[in-house]
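Here are my notes on this chain, written as a short tour for someone new to reading structures. Keep the 3D view open and follow along point by point.

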Amino acid sequence: MFVRFWGTRGSIAVPGERTAKYGGNTSCVEVRTDDGTIIVLDCGTGARELGHHLLQSAPQPLRIHLFIGHTHWDHIQGFPFFGPAFHPNTELNIYAHSGFHRRVEDAIAGQMQYSYFPVRLHDLRSRIHFTELDEGFFRIGEVLVQTQHLNHTAPTLAYRISSHETTLAYVTDHEPYWKPTARGFHHPGDQRHVAFLEGADLIIHDAQYSDEEYAGKIGWGHSTVEYATDVALAAGSDCGSSGSDRAGSRRCARPRAGGLCRRRRARAARTWQSAVRGVGRRDGDPASAGRGQARARGQLLRDRDRRNRSSAGR
Ligand SMILES: [Zn+2]
């Protein structure tokens, strides 16, 4: 499975030198599975460059599966600029939650009314099919997709995508149901959230705020970096971390809290801090920077787990 980030920000695009490392566009991730299936996760402003890339590099005619987590603007505002949608050879399959008061198709079309954009949805030349989703499973060829509700201010779905031996979980936007304690997750919603992520090779997770910022943002529908890390670690079926700083020397025997290895959590936090130091707070938009950082953090943790497991000969 190939995964590439074309948009890593939330709320609004933040272009500029200070966001160059992880990019300034809003949510958009390209996924290509081993059987050639092309999946696009969300259609924020990153979709414009992805569209150019697909038209130039992907086998034609294009068959694209676009999974929308929810229809907040930062997840759909790239759609009117997504080049393949304008081409008659493109088949575009759009999947999303059925929404609050309107169909997915109406939500996408709404941002393309003449008041906002010169080309209407139904004037696009590609063949577009809409599928409204709820929780459950569906297949695209060899790819198995599972959906589960997230805790956000609009109806939002997480996607768990499995192809051959690899699983990717795309989990944004989401707020903890209840603050976890040192003893773990107490709310059934959080426990269910962890179960959804269990065993995933890569987790892309909302993490808009730090713990300090979150105190003033409860109910806004977003996670903290700390929560994202905790659920990612709790979702690991085995700690797999080393008892010493040299990976693989022995299995972790450190005390755990609620299934979390304290040593591993601390080490993960240090890795995260060193990875993002000098990026987030200098963006001038720390809130939106946080989400992109958390996605990178999830990847760091999974990479570390893999190294530890392989070093331990497992
Ligand atoms: Zn949102």
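1. Let's begin with burial. Of the 314 residues in the chain, 45% are buried. Please keep in mind that this is a predicted model. The chain has eight helices and 13 strands. Among contacts between residues at least 6 apart in sequence, 65% join residues at least 24 apart.

2. Now look for the sheet. It is an open one with six strands, in the order β1-β2-β3-β4-β5-β6, and its pairing is mixed. At the edges you will find β1 (2-7) and β6 (127-133), each of which pairs on one side only. From one strand to the next, the twist averages 20°.

3. Zoom in on one pair of strands in that sheet. Strand β4 (residues 63-67) and strand β5 (residues 91-97) run parallel, and five bridges join them. Where does Ile-64 find its bridge partner? The partner is Leu-92, in β5.

4. Next comes the core. In soluble globular proteins, nonpolar side chains tend to be buried together. Here the largest nonpolar core has 53 residues, and those touching the most other members are Val-40, Cys-43, Leu-66, Ile-68, Ala-169, Tyr-170 and Leu-197. Helix α6 (residues 225-234) gives the most to this core, with seven residues. Because domain 1 (1-135) and domain 2 (174-314) both give residues to the core, it lies between them.

5. Val-40 is a good residue to click on. Setting aside neighbours within four places in sequence, Val-40 is in contact with Cys-28, Glu-30, Ala-47, Leu-50, Ile-64 and Leu-66. Two of the names there, Ala-47 and Leu-50, are also among the buried residues of helix α1 (residues 47-57), along with Arg-48, Gly-51 and Leu-54.

6. Stay with α1 for a moment. Seen down the axis of α1, the buried residues fall within an arc of 160°, so they line one face of the helix. Gln-56 and Ser-57, on the other side of α1, are exposed. What covers the buried residues of α1? The cover includes β1, β2 (28-32) and β3 (38-41).

7. Compare that with helix α4 (residues 188-197), where Asp-190, His-193, Val-194, Phe-196 and Leu-197 are buried. These residues cover an arc of only 155° around the axis, which puts them on the same side of α4. On the other side of α4, Pro-188 and Ala-195 are exposed. The buried residues of α4 pack against β8 (143-149), β9 (157-163), β10 (166-171), β11 (202-205) and α6. After α4 comes Gly-199, whose phi is positive, near 80°.

8. Finally, try Leu-157, which sits in strand β9. Is Leu-157 buried or exposed? It counts as buried, because it has 24 C-beta neighbours inside 10 Å and the cut-off for buried is 20 or more. Leu-157 and Gly-69 are 88 residues apart along the chain, yet their C-alpha atoms are separated by 5.0 Å. Not counting residues up to four places away in sequence, Leu-157 touches Gly-69, His-97, Leu-133, Thr-147, Gln-148, His-149 and Leu-150.

Key: Residues numbered from 1 in each chain as written. Predicted model: local features only at pLDDT ≥ 70, side-chain atom pairs only at ≥ 80, totals over all residues. Pairing = 2+ DSSP bridges. Helix = DSSP H or I, 4+ residues; strand = E, 2+ residues; numbered from the N terminus. Axes fitted to C-alpha atoms, helices over the stretch in contact; angles between N-to-C directions. Buried ≥ 20, exposed ≤ 12 C-beta atoms within 10 Å, placed from the backbone. Contact = placed C-beta atoms within 7 Å. Core = buried A, V, L, I, M, F, W, Y, C linked by C-beta atoms within 7 Å. Domains from an automatic or database assignment. Arc of directions from axis to C-beta.
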